[in-house]
Amino acid sequence: MAKPKVLVSHPNVPEAGLRLLQQECEVVVVQEASRDVILAAVAGVDAIFWCCKVRLDSQIIDAAGPGLKAVATMSAGYDHIDAAHLKARGIPLGNTPRVLDNAVADTAIALVLSVARRLQEGRHALERGTWVTGCPQAMLGVDVAGSTVGIVGLGGIGQAVAKRLKVFDVAKLQYCGHNPKPEAAALGAEFVSFDKLVDTSDIIVAACPSTPETRHLFNAQVFKRMKRSAILINVGRGDCIDQEALVEALKTKEIWGAGLDVMCPEPLPVDHPLIKLDNCVLFPHVGSATVGTRSAMATLAAKNILCALNDKPMLAEVK
Ligand code: DGY
(Lines give C-alpha, C1' and ligand atoms only; values in the text may rest on other atoms or scores of the structure.)
Protein backbone atom coordinates (compact mmCIF):
# COMPACT_ATOMS: atom_id res chain seq x y z
CA MET A 1 0.00 0.00 0.00
CA ALA A 2 1.29 3.49 -0.84
CA LYS A 3 2.52 5.51 2.09
CA PRO A 4 0.52 8.63 2.98
CA LYS A 5 2.05 11.82 1.64
CA VAL A 6 2.91 14.71 3.96
CA LEU A 7 3.89 18.20 2.87
CA VAL A 8 6.35 20.04 5.12
CA SER A 9 6.12 23.79 4.53
CA HIS A 10 9.70 24.81 5.39
CA PRO A 11 13.05 23.41 4.22
CA ASN A 12 14.64 23.70 7.67
CA VAL A 13 12.65 21.61 10.15
CA PRO A 14 14.18 19.89 13.23
CA GLU A 15 15.35 16.38 12.31
CA ALA A 16 13.40 14.69 15.11
CA GLY A 17 10.07 15.63 13.55
CA LEU A 18 11.12 14.76 10.02
CA ARG A 19 12.50 11.37 11.02
CA LEU A 20 9.26 10.44 12.75
CA LEU A 21 7.21 11.33 9.70
CA GLN A 22 9.58 9.52 7.35
CA GLN A 23 9.09 6.25 9.25
CA GLU A 24 5.50 6.03 8.03
CA CYS A 25 5.04 8.59 5.28
CA GLU A 26 6.37 9.93 2.03
CA VAL A 27 7.57 13.37 3.10
CA VAL A 28 7.73 16.25 0.63
CA VAL A 29 9.78 19.13 2.01
CA VAL A 30 9.44 22.37 0.06
CA GLN A 31 12.66 23.95 -1.17
CA GLU A 32 11.43 27.38 -0.17
CA ALA A 33 8.76 28.48 2.32
CA SER A 34 6.84 30.66 -0.11
CA ARG A 35 3.17 30.63 -0.95
CA ASP A 36 3.75 29.81 -4.62
CA VAL A 37 6.14 26.96 -3.94
CA ILE A 38 3.78 25.50 -1.35
CA LEU A 39 0.79 25.83 -3.66
CA ALA A 40 2.68 24.04 -6.41
CA ALA A 41 3.59 21.14 -4.10
CA VAL A 42 0.47 20.62 -2.02
CA ALA A 43 -1.86 18.84 -4.47
CA GLY A 44 -2.70 15.31 -3.42
CA VAL A 45 -1.16 15.29 0.07
CA ASP A 46 -2.77 13.45 2.98
CA ALA A 47 -1.40 15.79 5.63
CA ILE A 48 0.28 19.16 6.01
CA PHE A 49 3.04 19.92 8.54
CA TRP A 50 2.88 23.72 8.81
CA CYS A 51 5.93 25.60 9.99
CA CYS A 52 6.29 28.92 8.24
CA LYS A 53 4.90 32.43 8.29
CA VAL A 54 2.79 32.04 5.15
CA ARG A 55 -0.90 32.05 6.08
CA LEU A 56 -2.43 28.61 5.64
CA ASP A 57 -5.63 29.81 4.03
CA SER A 58 -8.57 28.11 2.37
CA GLN A 59 -6.91 28.28 -1.06
CA ILE A 60 -3.89 26.25 0.04
CA ILE A 61 -6.05 23.88 2.10
CA ASP A 62 -8.35 23.24 -0.85
CA ALA A 63 -5.43 22.92 -3.26
CA ALA A 64 -4.40 19.85 -1.27
CA GLY A 65 -7.51 18.15 -2.58
CA PRO A 66 -10.19 15.91 -1.06
CA GLY A 67 -7.70 13.45 0.45
CA LEU A 68 -6.38 15.91 3.05
CA LYS A 69 -6.85 14.26 6.46
CA ALA A 70 -4.77 16.29 8.88
CA VAL A 71 -2.96 19.57 9.45
CA ALA A 72 -0.46 20.15 12.23
CA THR A 73 1.19 23.45 12.95
CA MET A 74 4.57 23.50 14.67
CA SER A 75 3.44 26.29 16.96
CA ALA A 76 1.15 26.83 19.89
CA GLY A 77 -0.57 29.78 18.22
CA TYR A 78 -2.69 29.12 15.16
CA ASP A 79 -3.78 32.61 14.19
CA HIS A 80 -1.91 32.09 10.88
CA ILE A 81 -4.18 29.18 9.95
CA ASP A 82 -7.76 29.21 8.68
CA ALA A 83 -8.98 26.94 11.47
CA ALA A 84 -12.64 27.64 10.63
CA HIS A 85 -12.16 26.33 7.10
CA LEU A 86 -10.45 23.19 8.38
CA LYS A 87 -13.28 22.68 10.84
CA ALA A 88 -15.89 23.12 8.12
CA ARG A 89 -14.09 20.45 6.10
CA GLY A 90 -13.80 18.14 9.13
CA ILE A 91 -9.99 18.16 9.03
CA PRO A 92 -8.33 18.06 12.48
CA LEU A 93 -5.79 20.77 13.30
CA GLY A 94 -3.01 19.98 15.75
CA ASN A 95 -0.76 22.48 17.52
CA THR A 96 2.12 22.31 20.00
CA PRO A 97 1.10 23.76 23.36
CA ARG A 98 2.92 23.00 26.65
CA VAL A 99 6.27 21.89 25.16
CA LEU A 100 7.25 25.54 24.70
CA ASP A 101 5.98 26.92 28.01
CA ASN A 102 9.36 26.97 29.77
CA ALA A 103 11.29 28.47 26.88
CA VAL A 104 8.76 31.24 26.31
CA ALA A 105 8.56 31.95 30.04
CA ASP A 106 12.37 32.27 30.18
CA THR A 107 12.09 34.89 27.45
CA ALA A 108 9.49 36.78 29.44
CA ILE A 109 11.82 36.86 32.47
CA ALA A 110 14.71 38.07 30.30
CA LEU A 111 12.49 40.91 29.12
CA VAL A 112 11.26 41.77 32.63
CA LEU A 113 14.81 42.07 33.95
CA SER A 114 16.09 43.93 30.89
CA VAL A 115 13.35 46.54 31.15
CA ALA A 116 13.29 46.83 34.95
CA ARG A 117 17.06 47.30 35.15
CA ARG A 118 17.42 49.39 31.96
CA LEU A 119 19.94 46.95 30.54
CA GLN A 120 19.54 48.13 26.96
CA GLU A 121 20.03 51.76 27.94
CA GLY A 122 23.08 50.78 29.98
CA ARG A 123 24.57 48.90 27.05
CA HIS A 124 23.97 51.91 24.81
CA ALA A 125 25.72 54.13 27.37
CA LEU A 126 28.73 51.81 27.23
CA GLU A 127 28.82 51.92 23.45
CA ARG A 128 28.37 55.70 23.25
CA GLY A 129 30.84 56.53 25.99
CA THR A 130 28.12 58.15 28.13
CA TRP A 131 28.51 55.72 31.05
CA VAL A 132 28.30 57.80 34.22
CA THR A 133 30.31 56.42 37.14
CA GLY A 134 30.11 57.39 40.78
CA CYS A 135 26.68 59.02 40.69
CA PRO A 136 24.39 57.40 43.25
CA GLN A 137 21.35 58.27 41.14
CA ALA A 138 22.56 57.07 37.77
CA MET A 139 20.85 54.25 35.87
CA LEU A 140 18.35 53.44 38.60
CA GLY A 141 15.93 50.71 37.74
CA VAL A 142 12.82 49.41 39.46
CA ASP A 143 12.70 46.44 41.82
CA VAL A 144 11.11 43.18 40.81
CA ALA A 145 11.10 42.01 44.44
CA GLY A 146 8.09 43.38 46.27
CA SER A 147 6.21 44.15 43.04
CA THR A 148 2.69 43.24 42.02
CA VAL A 149 2.68 41.12 38.88
CA GLY A 150 -0.33 40.81 36.59
CA ILE A 151 -0.49 38.01 34.05
CA VAL A 152 -2.96 38.29 31.21
CA GLY A 153 -3.76 34.70 30.31
CA LEU A 154 -2.77 32.10 32.91
CA GLY A 155 -2.36 29.24 30.41
CA GLY A 156 0.74 27.07 30.33
CA ILE A 157 3.04 29.96 29.46
CA GLY A 158 1.43 32.31 31.98
CA GLN A 159 1.81 29.69 34.70
CA ALA A 160 5.48 29.11 33.85
CA VAL A 161 6.04 32.88 34.04
CA ALA A 162 4.28 33.03 37.43
CA LYS A 163 6.41 30.17 38.78
CA ARG A 164 9.59 31.94 37.78
CA LEU A 165 8.58 35.35 39.10
CA LYS A 166 7.62 33.90 42.50
CA VAL A 167 11.28 33.12 43.19
CA PHE A 168 12.11 36.78 42.58
CA ASP A 169 10.14 37.50 45.78
CA VAL A 170 7.33 39.43 44.15
CA ALA A 171 4.73 40.63 46.65
CA LYS A 172 1.65 39.60 44.73
CA LEU A 173 0.64 37.59 41.68
CA GLN A 174 -2.66 38.29 39.99
CA TYR A 175 -4.11 37.23 36.67
CA CYS A 176 -7.09 37.75 34.42
CA GLY A 177 -8.75 35.72 31.71
CA HIS A 178 -12.10 34.21 30.88
CA ASN A 179 -12.39 32.15 34.05
CA PRO A 180 -10.43 31.44 37.22
CA LYS A 181 -7.90 28.63 36.73
CA PRO A 182 -7.56 25.72 39.17
CA GLU A 183 -3.75 25.88 38.82
CA ALA A 184 -3.74 29.42 40.25
CA ALA A 185 -4.12 28.27 43.85
CA ALA A 186 -0.75 26.49 43.89
CA LEU A 187 0.85 29.60 42.45
CA GLY A 188 -0.86 31.87 44.97
CA ALA A 189 -2.27 33.92 42.09
CA GLU A 190 -5.48 35.88 42.51
CA PHE A 191 -8.10 36.11 39.74
CA VAL A 192 -8.97 39.77 39.07
CA SER A 193 -10.65 41.77 36.33
CA PHE A 194 -8.53 43.14 33.48
CA ASP A 195 -9.24 46.66 34.76
CA LYS A 196 -8.02 45.88 38.27
CA LEU A 197 -4.94 44.15 36.88
CA VAL A 198 -4.08 47.15 34.74
CA ASP A 199 -4.66 49.65 37.55
CA THR A 200 -2.65 47.85 40.22
CA SER A 201 0.19 45.88 38.58
CA ASP A 202 3.82 46.96 38.51
CA ILE A 203 4.70 44.31 35.94
CA ILE A 204 2.18 43.10 33.38
CA VAL A 205 2.94 40.04 31.28
CA ALA A 206 0.66 39.40 28.31
CA ALA A 207 0.66 35.71 27.42
CA CYS A 208 -2.55 35.55 25.47
CA PRO A 209 -3.36 34.43 21.93
CA SER A 210 -4.45 36.66 19.08
CA THR A 211 -8.24 36.75 18.95
CA PRO A 212 -10.76 39.48 18.07
CA GLU A 213 -11.13 39.96 21.81
CA THR A 214 -7.43 40.49 22.53
CA ARG A 215 -6.72 42.73 19.52
CA HIS A 216 -5.40 46.06 20.86
CA LEU A 217 -6.28 45.01 24.39
CA PHE A 218 -3.47 47.36 25.39
CA ASN A 219 -4.38 50.72 23.91
CA ALA A 220 -4.09 54.43 24.74
CA GLN A 221 -6.82 54.28 27.42
CA VAL A 222 -5.15 51.34 29.11
CA PHE A 223 -1.70 52.98 29.08
CA LYS A 224 -3.23 56.01 30.80
CA ARG A 225 -4.56 53.79 33.58
CA MET A 226 -1.31 51.90 34.16
CA LYS A 227 1.11 53.06 36.83
CA ARG A 228 3.81 55.40 35.56
CA SER A 229 6.31 52.90 36.96
CA ALA A 230 4.65 49.96 35.20
CA ILE A 231 6.34 47.54 32.83
CA LEU A 232 4.49 45.80 30.00
CA ILE A 233 5.83 42.52 28.62
CA ASN A 234 4.31 40.72 25.64
CA VAL A 235 5.16 37.12 24.76
CA GLY A 236 1.76 36.29 23.25
CA ARG A 237 0.96 37.92 19.94
CA GLY A 238 1.88 41.37 18.65
CA ASP A 239 -1.61 42.55 17.84
CA CYS A 240 -2.63 42.46 21.53
CA ILE A 241 -0.89 45.87 21.73
CA ASP A 242 -1.78 49.03 19.82
CA GLN A 243 1.84 49.81 18.93
CA GLU A 244 1.25 53.44 17.99
CA ALA A 245 -0.28 54.05 21.40
CA LEU A 246 2.62 52.18 23.02
CA VAL A 247 5.18 54.38 21.26
CA GLU A 248 3.39 57.43 22.64
CA ALA A 249 3.13 55.98 26.16
CA LEU A 250 6.84 55.13 26.16
CA LYS A 251 7.94 58.47 24.71
CA THR A 252 5.90 60.46 27.23
CA LYS A 253 6.94 58.11 30.07
CA GLU A 254 3.30 57.33 30.76
CA ILE A 255 4.69 53.88 31.62
CA TRP A 256 8.20 52.85 32.66
CA GLY A 257 8.98 50.54 29.78
CA ALA A 258 8.01 47.64 27.60
CA GLY A 259 9.59 44.36 26.56
CA LEU A 260 8.24 42.61 23.50
CA ASP A 261 9.05 39.27 21.93
CA VAL A 262 6.15 39.63 19.51
CA MET A 263 5.28 42.57 17.30
CA CYS A 264 3.10 43.65 14.42
CA PRO A 265 4.22 43.11 11.74
CA GLU A 266 7.06 40.62 12.03
CA PRO A 267 9.71 41.43 11.17
CA LEU A 268 9.20 44.95 12.47
CA PRO A 269 10.42 47.53 9.90
CA VAL A 270 13.92 48.64 10.89
CA ASP A 271 12.83 52.29 11.01
CA HIS A 272 9.96 51.58 13.41
CA PRO A 273 9.88 54.09 16.30
CA LEU A 274 9.78 51.29 18.91
CA ILE A 275 13.31 50.29 17.89
CA LYS A 276 14.61 53.75 18.72
CA LEU A 277 13.28 53.86 22.27
CA ASP A 278 15.66 53.07 25.11
CA ASN A 279 12.79 52.02 27.37
CA CYS A 280 11.58 49.40 24.91
CA VAL A 281 13.40 46.07 24.68
CA LEU A 282 12.61 44.03 21.58
CA PHE A 283 13.41 40.40 20.84
CA PRO A 284 12.84 38.95 17.34
CA HIS A 285 10.12 36.43 18.38
CA VAL A 286 12.55 33.94 19.89
CA GLY A 287 10.26 32.71 22.69
CA SER A 288 10.36 29.06 21.68
CA ALA A 289 13.69 29.22 19.87
CA THR A 290 15.85 26.72 21.74
CA VAL A 291 17.26 23.55 20.23
CA GLY A 292 15.35 21.34 22.66
CA THR A 293 12.05 23.19 22.46
CA ARG A 294 11.94 23.40 18.68
CA SER A 295 12.79 19.71 18.52
CA ALA A 296 9.96 18.91 20.94
CA MET A 297 7.59 21.07 18.90
CA ALA A 298 8.52 19.30 15.67
CA THR A 299 8.10 15.93 17.34
CA LEU A 300 4.67 16.81 18.71
CA ALA A 301 3.53 18.20 15.37
CA ALA A 302 4.70 15.02 13.62
CA LYS A 303 2.94 12.84 16.22
CA ASN A 304 -0.25 14.84 15.73
CA ILE A 305 -0.15 14.02 12.03
CA LEU A 306 0.66 10.34 12.57
CA CYS A 307 -2.17 9.99 15.09
CA ALA A 308 -4.68 11.49 12.68
CA LEU A 309 -3.45 9.38 9.75
CA ASN A 310 -3.90 6.30 11.96
CA ASP A 311 -7.46 7.33 12.89
CA LYS A 312 -6.47 8.23 16.44
CA PRO A 313 -7.09 11.53 18.25
CA MET A 314 -4.20 13.96 17.92
CA LEU A 315 -2.08 14.45 21.08
CA ALA A 316 -2.83 18.17 20.93
CA GLU A 317 -5.80 19.13 18.81
CA VAL A 318 -7.20 22.62 18.47
CA LYS A 319 -10.82 22.45 19.61
C1 DGY B 1 4.07 29.75 19.03
O2 DGY B 1 4.34 28.55 19.01
O3 DGY B 1 2.94 30.18 18.89
C4 DGY B 1 5.22 30.65 19.22
O5 DGY B 1 4.85 31.98 19.25
C6 DGY B 1 6.22 30.39 18.11
O7 DGY B 1 7.46 30.78 18.53
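# Loops, sheets and a ligand shell

Mentor: Let's start with Pro267, which sits in the loop between E11 and H12. This is a predicted model: local features need pLDDT of at least 70, side-chain atom pairs count only at pLDDT 80 or more, and totals for chains, interfaces and linings use all residues. Residues are numbered from 1 along each chain as its sequence is written.

Trainee: What makes a stretch a helix or a strand?

Mentor: Both are DSSP runs numbered from the N terminus: H or I over at least four residues for a helix, E over at least two for a strand. Counted that way, the protein has 13 helices and 12 strands.

Trainee: Why is the protein called as compact as a globular protein of its length?

Mentor: Its radius of gyration, taken over C-alpha atoms, is 22 Å, close to the 20 Å that the globule rule gives for 319 residues, so the label fits. That rule is 2.2 Å times the number of residues to the power 0.38. Along the principal axes, the C-alpha atoms fill a box of roughly 75 × 45 × 35 Å.

Trainee: Back to that loop. How do you know that the peptide bond from Glu266 to Pro267 is cis?

Mentor: Look at omega, which is near -5° there. A cis bond also joins Cys264 and Pro265, with omega about -5°. Pro265 lies in the loop between strand E11 (257-260) and helix H12 (273-276). For background, most peptide bonds are trans, and most residues other than glycine have a negative phi.

Trainee: Which residue in the loop between helix H11 (243-251) and E11 should I look at?

Mentor: Lys253 is found there. Its phi is positive, about 60°, although it is not a glycine.

Trainee: Why is Lys253 called exposed?

Mentor: Count the other C-beta atoms, placed from the backbone, within 10 Å of a residue's own: 20 or more means buried, 12 or fewer exposed, and anything in between partly exposed. Lys253 has 11 such neighbours, so it counts as exposed.

Trainee: And what makes His285 partly exposed?

Mentor: His285 has 19 C-beta neighbours inside 10 Å, so it falls in the in-between class. This residue has a positive phi too, near 45°. You'll find His285 in the loop between strand E12 (280-282) and helix H13 (291-309).

Trainee: Which residues are around the ligand?

Mentor: His285 again, along with Ser75, Ala76, Gly77, Leu100, Gly287 and Ser288. To be near the ligand, a residue needs its C-beta atom, placed from the backbone, within 6 Å of it.

Trainee: How many residues of that shell are nonpolar, polar or charged?

Mentor: Two are nonpolar, five are polar and none is charged. Nonpolar takes in Ala, Val, Leu, Ile, Met, Phe, Trp, Tyr, Cys and Pro; charged means Asp, Glu, Lys and Arg; the others, Gly among them, are polar.

Trainee: On to the sheets. What makes E3 and E4 a pair?

Mentor: Two strands pair if DSSP finds at least two bridges between them. Strand E3 (residues 47-50) and strand E4 (residues 70-73) have four, in the parallel sense, so they pass. Trp50 stands opposite Thr73 in E4. Both strands belong to an open, parallel sheet of five, in the order E2-E1-E3-E4-E5.

Trainee: Why are E2 and E5 said to stand at the edges?

Mentor: Strand E2 (26-29) and strand E5 (93-94) each have a single partner strand, so one side of each is left without a neighbour in the sheet.

Trainee: What is the order of the seven-strand sheet?

Mentor: This open sheet runs E8-E7-E6-E9-E10-E11-E12, with parallel pairing. Strand E8 (189-191) and E12 are its edge strands, each pairing on one side only. Inside it, strand E10 (residues 231-234) is joined to E11 by four bridges, and Leu232 stands opposite Ala258 in E11. Strand E6 (residues 148-152) runs parallel to E7 over five bridges, with Tyr175 as the partner of Ile151.

Trainee: What makes E7 mostly covered?

Mentor: Four of the five residues in strand E7 (residues 172-176) are buried. For the whole protein, buried residues make up 41% of the 319.
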